[in-house]
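Thanks for asking me to look this one over. My comments are below as numbered points, ready for you to check against your own viewer.

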Amino acid sequence: MSAEEHPQTNPLIPKQSRTPYHISGKPEKQDLVDEYKGKNLDALRTPALIIDRAVFARNCAKMHEHAKALGAQFRAHVKSHKTPEGTRLQLLSNANETHSIVVSTVMEVCEVFRAGLMADGTVKDVLYGLPMAPNKIADLSALTDELSAVGASMRILIDHPDQVKVIEAWESTKANHRRWSVFIKVDCGSHRRAGLKPNSPAFDYLLRAVLASSSISLYGFYTHAGHSYASTSFAEAADHLLSEVNAVNDAATAALSIIANTPGFPEPREAFVLSVGATPTAHAATSELKAKVESGLNGTLELHAGNYPLLDIQQLNTSLITHSDIAQRVLATVISYYPGRGEDGSDEAMCDAGALAMSKDTGPRPGYGDVIGKPWRLSRVAQEHGILTMMSPASFELGPLQGDGTLKLGDMVQIVGQHACLTLAGYPWYYVVDSDVSDGNVVVDVWVPWKGW
């Protein structure tokens, strides 16, 4: 019986929606490889999304090193690229390996399973990283069973007591009851996304509801310093990471206090998992920080991040990476040119990469992206085209300079956008190059991302 057909009489459980992974259409990878493998980038239709596999893999290895330095396990977020190939590189690097992932959509769980990443043991632990919607509980329940059958664990995130009630209502309809493995989402700052502050009455109420529930097993506490993207130094990012660790540790301390002082609450069978991270804070994970926090931890530390294999202009602005660490870019073509039209009589050019190709995400730096090797910036975008404007030499970072830095009609340019996660979402497939085996201008593979929710 499908999720949407499941009869419900409990008012806490709404009509169930369904992730239609069995009919989700994607281009066939082999057809794309047959068509494009071996072609130079100048033979591709633009706009095109390019990933350098060698840089992507190096970034994955570096992140494993950061986790080891912090004394933490690592959980890879796969939402940025949404591909089996990228997921394998995130989990198995030449520095270390992990088998834990976090996803942002139910479709991602379905596709990881369908790609065989659980059956072959690559993925053994999955966290659905959004607070659980009541109309998705049937799919999440079915996926938990499917993962368990191949030896993998499914975990969910909650941050509201009504989510506890929904889980209990769902389990009340079952002959065989399960205890859902749950992270409580903790708010570690002022970003105001999901989560509750660990010293708040709302958090205390939720924590007591979770600990009292026979349908939930509290696995740990999860936080994400989204505001760390505004960091501009290692010191700032390290401070945000320390705030993340303190927030989840305070949450674990509160849980242990409630357990110790409430008759009938059993001691946890394993230490709570304290999951922290964002790409900037993860880049600041060091053995020095480990020395500051490890003695007072009331749980096992876990580091998570997602943007780090790809990187972008927002991450470049943190000063924690260099332009050579950025693994993705958009290939575009100059389709018109306007001498003297810009500010102070400077030239402008039009390219065929607009808002759908780049996204409209912005950051501390102006515009929507910078051109590699040319002192030009994507300053304005419409749906299917963008306007390139000249930047000052002092602002140009994506060097070395190619030629004299000018553009003309028909030139192909490579643009690094502000936010890779949203840029990649606009493409039906990614052209993969490898700067370790060629000059990085020849297609060696094609990755087809998962689409849908």
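The points below cover the ground rules, the barrel and the salt bridges.

1. First, the ground rules. This is a predicted model, in which local features need pLDDT of at least 70 and side-chain atom pairs count only at pLDDT 80 or more, while totals for chains, interfaces and linings use all residues. Residues are numbered from 1 along each chain as its sequence is written, and side-chain values use heavy atoms, with hydrogens and water left out.

2. The barrel is a good place to start. Eight strands close into a barrel in the order 2-3-4-5-6-7-8-9, with parallel pairing; strands and helices here are DSSP runs (E, at least two residues; H or I, at least four) numbered from the N terminus, and two strands pair if DSSP finds at least two bridges between them. On average, neighbouring strands of this sheet are turned by 30° against each other, direction ignored.

3. For a close-up of one pairing, try strand 3 (residues 100–103) and strand 4 (residues 125–131), which run parallel and share four bridges. Ile101 has Val126 in strand 4 as its bridge partner.

4. Helix 2 lies across strand 2 (73–77) and strand 9 (300–305), at about 160° to strand 9. Contact means heavy atoms within 4.5 Å; axes are lines fitted to C-alpha atoms, for helices over the stretch in contact, and angles run from 0 to 180 degrees between N-to-C directions.

5. Now the charges. Counting a side-chain nitrogen of Lys or Arg within 4 Å of a carboxyl oxygen of Asp or Glu as a salt bridge, the model has 23 of them. Arg75, Asp125, Arg155 and Glu302 are joined in a salt-bridge network.

6. Helix 2 (residues 53–70) returns here, as it holds Lys62, whose partner Asp325 sits 263 residues away in the loop between helix 11 (313–317) and strand 10 (328–338). Their closest N and O atoms are 2.7 Å apart. Asp325 counts as buried because its relative accessibility is 14%, the cut-offs being under 20% for buried, over 50% for exposed and partly exposed in between (1.4 Å probe, protein chains only). Lys62, at 40%, is partly exposed.

7. Two further pairs deserve a look. Glu348 and Arg380 form a salt bridge with closest N and O atoms 3.0 Å apart, linking strand 11 (residues 348–351) to strand 13 (residues 376–381). Glu348 is buried at 7%, whereas Arg380 is partly exposed at 40%. In the bridge between Arg377 and Asp370, the corresponding distance is 2.9 Å; Arg377 is buried at 10%, and Asp370 is buried at 5%.
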